[in-house]
Each structure stands twice: as structure tokens, then as C-alpha cells.
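Colleague: Before I use this model, I want to ask how its labels were earned. Let us take them one at a time.

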Amino acid sequence: MLVLEFKARTNSQQVVAIDEAIRTAQFIRNKAVRLWMDAKGTGQNDLQKYCAVLAKEFPFANSLNSMARQAAADRAWISISKFYNNCKKGVHPVGFPKFKKHSRSVEYKTSGWKFLSPKKIRFTDKCGIGDLRLIGSHDLAFYPVELIKRVRLVRRADGYYVQFCVRVDREEYLEPTGRTMGLDMGLQDFYTDSNGEKEPNPRFLRKAEKRRKKLSRRFSKTQKGSNNRQNARVRLAKLDLKISRQRKDHAVKLARCVVQSNDLIAYEDLRIKNMAKNHCLAKSISDAGWYQFRVWVERFGVVFGRVTVAVPPQYTSQTCSSCGTIVKKSLSTRTHICRCGCELDRDHNAALNILSVGLSTVGHTGTWIEDPNASGDETSLSVASGQLGKVTSMKEESPSL
Ligand SMILES: [Zn+2]
């Protein structure tokens with residue numbers, strides 16, 4: 001799936017209508033989760049049927065397009081099945097489905113909208129959204145309308161966006177490079193590769209942190225319910241949006257570069273969610289955007305036909321990459337010195353180990369991500385732990401990114 005995103009030009013009336021549609025979709029999703037909780041053995045089909053019941057019962061639900069209602073129930077089912085999967089695989093936390101309070105998007109499928117021109121879309125259901133002009137440089141006319149499987153309206157701090165999910169299988173052929181690479185993700189550097197090269201950390205958040213602190217202080221000084229407070233909140237949200245865009249941009253560019261210039265990329269199977277619980281490390285870790293980087297490495301791996309391997313992180317920094325002896329060292333020891341004469345930068349040594357584990361486990365297949373999550377920027381991972389050397393592959397591009 002390819003996702004094309006446009007900014008929408010909206011008037012105040014349309015803003016109200018879109019918000020209402022988003023609320024309705026959230027309502028249906030939550031009702032579906034509630035049904036599943038209350039009635040034992042509720043399946044995906046039951047949730048679909050339930051949409052019609054809700055539409056009869058609540059006039060506002062009826063005004064949302066019927067397939068959009070189903071899409072909302074689908075979302076409920078996604079979180080339910082994720083929960084089932086986690087239970088089955090023994091992943092903790094299991095992620096029991098929760099009620100959403102702050103949904104930011106509503107999804108249409110193949111009906112309830114039509115193009116008036118390549119840059120103008122009309123929503124034809126009874127939500128009253130009407131015609132939206134699309135601002136952006138993608139060429140939608142390039143794809144046949146039948147290939148557009150989803151249309152999503154997304155609310156962000158700086159306005160409303162329309163996403164089109166186009167079903168195209170993206171695969172590009174690249175000549176093999178004859179190179180392989182191990183990556184050791186770090187705090188001081190974004191990563192160190194097995195050639196000893198270091199990629200510096202972007203630290204957008206650190207740079208923006210000063211500004212963010214100032215803004216949040218200003219926010220907390222404002223009075224509840226005042227206009228000032230509202231303005232400060234918007235300013236803060238816009239800054240966060242900017243940071244998350246910079247982070248994604250960085251992750252995408254770096255991942256593409258790494259994947260294009262190597263046939264095999266090995267990296268540690270880090271459980272970032274657990275690591276982020278350690279407060280000292282938390283900021284740097286979420287800042288570094290490893291999660292996104294990894295997602296994009298795997299995605300480009302599929303696109304360009306490269307192998308990506310996530311290896312278990314145990315002992316990668318302690319083992320000598322030259323002779324295999326365990327050389328114990330604390331976090332502050334930056335150099336690896338072994339009796340065999342091997343003397344390397346700590347992270348370089350780790351990257352070499354990661355590469356050799358990666359190379360030795362190729363051939364075992366498995367997947368890492370079931371649903372690279374709907375809300376985008378979370379650092380939530382579903383990693384099957386303890387399985388040695390999983391070759392990861394993603395079946396299709398995330399419709400959400
Ligand atoms: Zn050694």
C-alpha cells in the first residue's frame with residue numbers, strides 16, 4: 001500500500017463536520033469493543049453486523065457512510081486481534097483493548113466520496129463535510145480510482161489532512177552490492193556500523209527542548225479555559241508535530257541509504273518499550289527514533305529486495321568479535337580490549353558481532369510487525385522475544401505512515 005497525503009483546505013463549518021465524523025467513528029469503535037467485552041465469543045463478523053444496529057439506534061451514526069462505519073468496527077477488531085495474538089505468543093504486556101478518547105481520524109473505504117477533479121474530493125454521506133480542496137504535490141490522477149482502497153481524514157495540530165491508500169505493490173530492482181552491514185544502535189551516536197563508521201545522533205528533541213520548555217511553562221501559567229491557554233496549547237502541539245516530522249524524515253532518509261548500499265543489514269532486536277521505562281535513558285531513546293528507523297529499514301528491505309535481520313541483543317557488546325571470548329565491561333568502558341590482541345571501539349566491536357550473528361542466522365524466517373499501529377508515532381513494539389535471529393520482512397507498507 002502506498003499512502004499519499006494532502007493537506008485539506010477547510011472552512012469552519014467543515015471543521016465541525018469532520019470532527020463530528022471522527023467522533024462518530026470513535027463512538028462506533030468503542031461500542032464495538034464494548035460489545036466484544038460484554039458478549040463472549042464476539043467475532044469480526046458480529047462487529048460488522050453491529051454497525052447496522054448502531055446506525056438504526058443513533059441518528060448521528062447513521063449519517064456516517066456505511067463502509068466508514070465498518071472501517072471503524074475494523075479498527076476495534078484490529079486491537080482485539082492484536083490482543084489475542086499477544087496472548088497466544090506470550091508477549092507482555094498483552095495490550096487489552098481500550099476505549100479511545102482522542103481519536104484523530106476517520107476512515108472511508110471505497111464509497112462515501114468521489115473526486116470532482118484530481119485536486120478536489122467530495123464526501124457524499126450525510127456528515128456534511130462536502131467538498132475539500134487538496135493541497136499537495138502528489139499526482140492522484142496517475143492511479144486508477146479502483147486502486148484507492150481507503151480515504152482517511154486526519155486531524156493534526158496544524159489542520160486537516162486527507163490520506164489516500166493506493167494499492168500498488170512497490171518493488172524495485174537494485175543490483176546486489178556485495179556488502180553486508182551490522183548496526184549497533186547507540187545513545188551517543190545514532191548507530192555505529194561494522195565498518196567502524198559512526199552516524200551522529202540528530203537530537204532534534206534536545207535542540208527543540210529549550211523552546212518546548214519555554215512553551216510548556218507559558219502554557220501552565222495560563223488560566224484554564226482562556227484563549228491564551230488554547231493558543232499556547234496549539235503552539236506546543238505544532239512544535240511537537242514539527243519534531244515528529246523531522247524525526248521521520250531523518251529515519252526514512254537514513255534507512256533508505258543503509259538499505260540501498262547493502263545486501264544484508266543486521267541490527268539488534270531491542271525492546272525499546274522496556275528500555276524507555278528507564279527514565280535516564282528514556283529521552284535519548286525516544287529521541288533517537290530507532291523505532292522508526294527500524295520500521296523503515298524493514299520496509300525498504302522489502303521494496304529493494306534486501307535481507308534485514310534482527311538479532312538478539314545479548315552479549316553483542318561483551319563478546320570479542322575476533323576470537324569469541326566474553327570480555328566483561330561496564331557501560332562506561334568505551335574500548336574493547338581482548339587478550340587475543342583485538343582492540344576496537346566498543347560499538348564497532350558490537351556491530352561486528354551483530355553482523356556475524358545476522359549472517360549465521362539467515363534462513364530462518366519470521367515476521368516482526370503485525371500492524372505497525374494506526375496512530376503513527378508511538379514507540380510501541382510487538383517483538384517476539386527470545387527467538388534467535390529472526391529474518392524480518394513486512395508484507396506491505398503501513399497504511400498509516
Ligand atoms: Zn579476542
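**Labels and the numbers behind them**

Modeller: Start with the weak part of this predicted model. Residues 369-401 keep a pLDDT under 50, and the model has 77 contacts there beyond four places in sequence.

Colleague: What makes the chain as a whole look, by pLDDT?

Modeller: The mean pLDDT of the chain is 84. Of its residues, 85% reach 70 or more. The scale runs from 0 to 100.

Colleague: Now the sheet. In what order do the seven strands lie?

Modeller: The order is S2-S6-S7-S1-S5-S4-S3. The sheet is open, and its pairing is antiparallel.

Colleague: Why are S2 and S3 said to stand at the edges?

Modeller: Each of them has a single partner strand, so one side of S2 and one side of S3 (113-117) have no neighbour in the sheet. From one strand to the next, the twist averages 30°.

Colleague: How do you know that S2 pairs with S6?

Modeller: Count the bridges. A pair needs at least two. S2 (residues 105-108) and S6 (residues 148-156) are joined by four, and they run antiparallel. For a place to look, Tyr108 stands opposite Val151 in S6.

Colleague: What joins S3 to S4?

Modeller: Four bridges join S3 to S4 (residues 120-123), again against a cut-off of at least two. These strands run antiparallel. Ser117 stands opposite Lys120 in S4.

Colleague: Which helix packs on this sheet?

Modeller: H1 (residues 12-38) does, touching S2, S5 (130-135), S6 and S7. The direction of H1 makes about 80° with that of S2.

Colleague: What makes S6 and S7 a pair, and what lies between them?

Modeller: Eight bridges link S6 to S7 (residues 159-166) in the antiparallel sense. The cut-off is at least two. The two strands form a hairpin, with two residues between them. Arg156 has Gly159 in S7 as its bridge partner.

Colleague: On to the helices. Why are H1 and H2 called oblique?

Modeller: Their angle is about 120°, with the axes 10 Å apart. The roughly perpendicular range is 65 to 115, and roughly antiparallel means over 145. The angle falls in neither class, so H1 is oblique to H2. H1 passes H2 in a right-handed crossing.

Colleague: Which residues make that contact?

Modeller: From H1 come Ile28, Lys31, Ala32 and Leu35. From H2 come Leu47, Tyr50, Cys51 and Leu54. By class, the contact of H1 with H2 has seven nonpolar, no polar and one charged residues.

Colleague: H2 and H4 pack at about 140°. Why are they oblique rather than roughly antiparallel?

Modeller: Roughly antiparallel needs an angle over 145. H2 (residues 44-57) and H4 (residues 66-89) make about 140°, their axes 9 Å apart. They are therefore oblique to each other. The crossing of H2 past H4 is right-handed. Gln44, Leu47, Gln48, Tyr50, Cys51 and Ala55 of H2 meet Arg69, Gln70, Ala73, Ala76 and Trp77 of H4. The classes are seven nonpolar, three polar and one charged.

Colleague: Why is H6 called oblique to H9?

Modeller: The axes of H6 (residues 227-260) and H9 (residues 290-304) cross at roughly 40° and come within 8 Å. Roughly parallel means under 35 degrees. The crossing angle misses that class, so H6 is oblique to H9. Their crossing is right-handed.

Colleague: Which residues of H9 does H6 meet?

Modeller: Gln292, Phe293, Trp296, Val297, Phe300, Gly301 and Phe304. On the H6 side, Arg247, Lys248 and Ala251 are among them. The contact of H6 with H9 divides into eleven nonpolar, three polar and three charged residues.

Colleague: Two backbone points remain. What makes the bond from His92 to Pro93 cis?

Modeller: Look at omega. It is near -5° for this peptide bond. Pro93 lies in the loop between H4 and S2.

Colleague: What is notable about phi at Tyr315?

Modeller: The phi of Tyr315 is positive, about 65°, although Tyr315 is not a glycine. Tyr315 lies in the loop between S12 (307-311) and S13 (335-337).

Conventions:
Residues numbered from 1 in each chain as written. Predicted model: local features only at pLDDT ≥ 70, side-chain atom pairs only at ≥ 80, totals over all residues. pLDDT = per-residue confidence, 0-100. Contact = placed C-beta atoms within 7 Å. Axes fitted to C-alpha atoms, helices over the stretch in contact; angles between N-to-C directions. Left-handed = near helix turned anticlockwise from the far one by under 90°. Nonpolar A, V, L, I, M, F, W, Y, C, P; charged D, E, K, R; others polar.
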